[in-house]
Amino acid sequence: MSDDHGSVFDGLIDGDLGGDSSQWAFGTGFEDPLAGVDTTVPAGTDPAELAAYCLMLGDDALIMSQRLAEWCSRAPDLEEDIALANIALDLLGQARLLLARAAAADPGAVPVLPEGSPVPAEDALAFFREAGAFRNVRLAEVPNGDFAHAVVRLLLFSVARLALLERLRGSADAVLAAVAGKGVKEVAYHRDWAGRWFLTLAQGTEESRRRLVTALDALWPLLDELVTAHPVEVSVARAGAGVDPASLRGEVDAVLDQVLAVSGVDRPDRPPLAGVAGRTGRHGTHTEAFGLLLAEMQVVARAHPNGRW
Amino acid sequence: MTTTPAEPDMEGLQEAFDATIARNDRIEPRDWMPDAYRRTLVRQIAQHAHSEIIGMQPEGAWIGRAPSLRRKAILLAKVQDEAGHGLYLYSACETLGVSRAELTELLLAGRQKYSSIFNYPTLSYADVGTIGWLVDGAAICNQVPLCRTSYGPYGRAMIRICKEESFHQRQGYELLMTMMRGTDAQREMVQESVDRFWWPSLMMFGPPDAQSTNTERSMAWGVKRNSNDELRQKFVDMTVPQAEALGVTLPDPELRWNEERGHYDFGEPDWDEFAAVIRGDGPCNAQRLAHRRAAHEDGAWVREAATAFAERSAGEAAR
């Protein structure tokens, strides 16, 4: 289905994307994202913890995608509009697989809908959970700002996510390993796109540099959450199915230092954004803006709990 | 500019141009063409490109609210395709010597138009399906003949675009079909959406032939291949059986099969409403342009930064 219009943007965007249609229109052509995949939970991994872990990675991708998609028809030029939509589509594809994986590992994690509801598990998770049940980092959810804000957010996010996915390819869970294998190629492109724009804005005009530094200062305090471990992450990592994000801190720092050095931008000296009594996004404690994001995202689905789409 | 002889043989050039048109061959960017032909093409291609870009807004507004993750992916990919179509068409227009930046300025100044249909609001998720089915369906009827248009770059862009548009139309129809198999509330949503979009879709083919100022010359030049009324009829004939299969009613009491003509008879769209929308007085004209202007102005500093960075990099490479 998606193949017959998949190679359309060849040559319009950077070569990184190649002709692989699944990279940009991923997940548009089939109903069950895990059809035919072995979803047996690996021995030694707690199914509920595996589900919670999948929600963490899946919610990061879903909420980032939601914010990126807000750029649609608003980007500085058509090429960036297309690139941002591409990235949003990649992350949405990752989110679908991870949410479906969470539901398969622990059906108890899926909100209960009226009897006979045809809503699939991935949608029940995306559209019928309350804010407190979402496990994404707060970096993903803060409201959009200017284009510099989008570039910086994506840089921080994709540097950490790429480091994570590279290691997750070795997961004991076959689904996570497969998601990571595909995701690495996608997120490598996202990181590259963000890195190139970071450099361009840093060395473009005075105004672009000022805006970039402002965005970097504003978002830097949210970076720490991506490399701080929640107990579920530690436990799933110990079982061989996940990655302890704290172990990525050195690599993430090194990559960001490299980008900052090449761009001639100082590393911000800002402490991590406080949580509430130590609780942050991974615990389900979010920012004020998150409720509004969910209100928009969930409004149609919730009005039709028995709806077919 | 290529060097031209001191006294170009205008008659010879015109004859060669006319012969190419008569043979149904393509005119290419380097071929001589009459100024009026060039102007007509720029007007038509630019209008088409602007329609793709403005057309991102009514559907794009629902990406954030798409009720399933699969529909969100489909819609986002579709709106992204429209940006891609805009790109091809602006590129085709650039072969005629007008830049994308100039065309954008003309759009924002209200000096070039876009399809009237995008000045109607999208009010429910069913509108995403209806736009795919009716609006993209009407666009396909308009555009398939343009694959054979006399200007090469335009015709080639249209071949790619039509392929994707027909994919979008099927996706839109499939959404409506799925919703019709859902709840009563969803079926009502679909019918209400079709009621709102039916007449504006018929208006997409432009005014009746008797009032169309541009049709005759465009057809003589092979820029346009069918008249507005012919295409409108074709669209109605194609759509009525699809509406029946879907289980929706098209809001036209005069709609019925005419055995003698071998076509459906149908009522007259409200041409006063059409004229008002074209004039700029539709429900969303101001909103659509304001959105486009805001995106363009908000992005100015980014485009300037990219240009400055590219110039600096080129300068460093040269040293």
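Which element gives the most to the lining of the second largest cavity? In this predicted model, that element is α5(A), with four residues. The briefing below covers chain A, the enclosed and open spaces of the structure, its cysteines, and three individual residues.

**Chain A: make-up and confidence**

- Chain A has 10 helices and zero strands.
- Read from the N terminus, the order of elements in chain A is α-α-α-α-α-α-α-α-α-α.
- Of the 309 residues in chain A, 58% are buried.
- When contacts in chain A between residues at least 6 apart in sequence are considered, 79% of them join residues at least 24 apart.
- Chain A has a mean pLDDT of 91, and 90% of its residues reach 70 or more.
- Residues 1-29 of chain A have a pLDDT below 50. In the model, this stretch nevertheless has 62 contacts beyond near neighbours in sequence.

**The largest pocket**

- The space in the largest pocket amounts to about 1100 Å³.
- Its lining consists of 45 residues, and those nearest the centre of the pocket are Q47(B), N142(B), M204(B), F205(B) and G206(B).
- Two or more lining residues come from each of these elements of chain B: α2 (35-54), α4 (69-94), α6 (126-143), α7 (152-180), α9 (215-220), α10 (228-246) and α11 (271-281).
- By class, the lining of the largest pocket comprises 17 nonpolar, 18 polar and 10 charged residues.

**The cavities**

- Four cavities of 30 Å³ or more are present in the structure.
- The largest cavity holds about 100 Å³ of space. It is lined by 13 residues, among which I74(B), V128(B), Q171(B), G172(B) and L175(B) are the closest to its centre.
- Helices α4, α6 and α7 of chain B each give two or more residues to the lining of the largest cavity.
- The lining of the largest cavity contains five nonpolar, five polar and three charged residues.
- The second largest cavity has a volume of about 90 Å³. Its lining is formed by L57(A), D60(A), F157(A), A160(A), R161(A), L164(A), L226(A), P245(A) and R282(A).
- In chain A, α1 (47-69) and α5 (147-168) are the elements that give two or more residues to the lining of the second largest cavity.
- Six nonpolar and three charged residues make up the lining of the second largest cavity, with no polar residues.

**Cysteines**

- Over all chains, the structure holds zero disulfides.
- A disulfide is a covalent bond between the sulfur atoms of two cysteines.
- Why is C141(B) not bonded to the closest cysteine sulfur? That sulfur, in C162(B), is 10 Å from the sulfur of C141(B), which is too far for a bond.
- C162(B) is in no disulfide either, and the nearest cysteine sulfur to its own, that of C147(B), is 3.8 Å away. The cut-off for a disulfide is a pair of sulfur atoms within 2.5 Å.
- C141(B) is buried, with a relative accessible area of 3%, and C162(B) also counts as buried, at 8% relative accessibility.

**Three individual residues**

- T130(B) is part of helix α6 of chain B and is buried, with a relative accessible area of 0%.
- Leaving aside residues up to four places away in sequence, T130(B) touches V135(B), L176(B), S193(B), V194(B) and F197(B).
- A180(A) belongs to helix α6 (residues 174-203) of chain A and is likewise buried, with a relative accessible area of 0%.
- Beyond residues up to four places away in sequence, A180(A) touches L165(A), L168(A) and R169(A). A180(A) and R169(A) are 11 residues apart along the chain, and their C-alpha atoms are separated by 5.1 Å.
- Is A261(A), in helix α9 (residues 249-263) of chain A, buried or exposed? At 60% relative accessibility, A261(A) counts as exposed, because the cut-off for that class is over 50%.
- A261(A) lies 62 residues from L199(A) in sequence, and the two are 9.8 Å apart in space, C-alpha to C-alpha.

Terms used. Residues numbered from 1 in each chain as written. Chains lettered and ligands numbered in written order. Predicted model: local features only at pLDDT ≥ 70, side-chain atom pairs only at ≥ 80, totals over all residues. Heavy atoms only, no water. 1 Å grid on protein atoms, 1.4 Å probe; cavity = no way out; pocket = protein on both sides within 12 Å on 5 of 7 lines; lining within 4 Å. Points joined across faces, edges and corners; volume = space filled by probe spheres on them. Nonpolar A, V, L, I, M, F, W, Y, C, P; charged D, E, K, R; others polar. Buried < 20%, exposed > 50% of the residue type's maximum accessible area, 1.4 Å probe, protein only. pLDDT = per-residue confidence, 0-100. Contact = heavy atoms within 4.5 Å.
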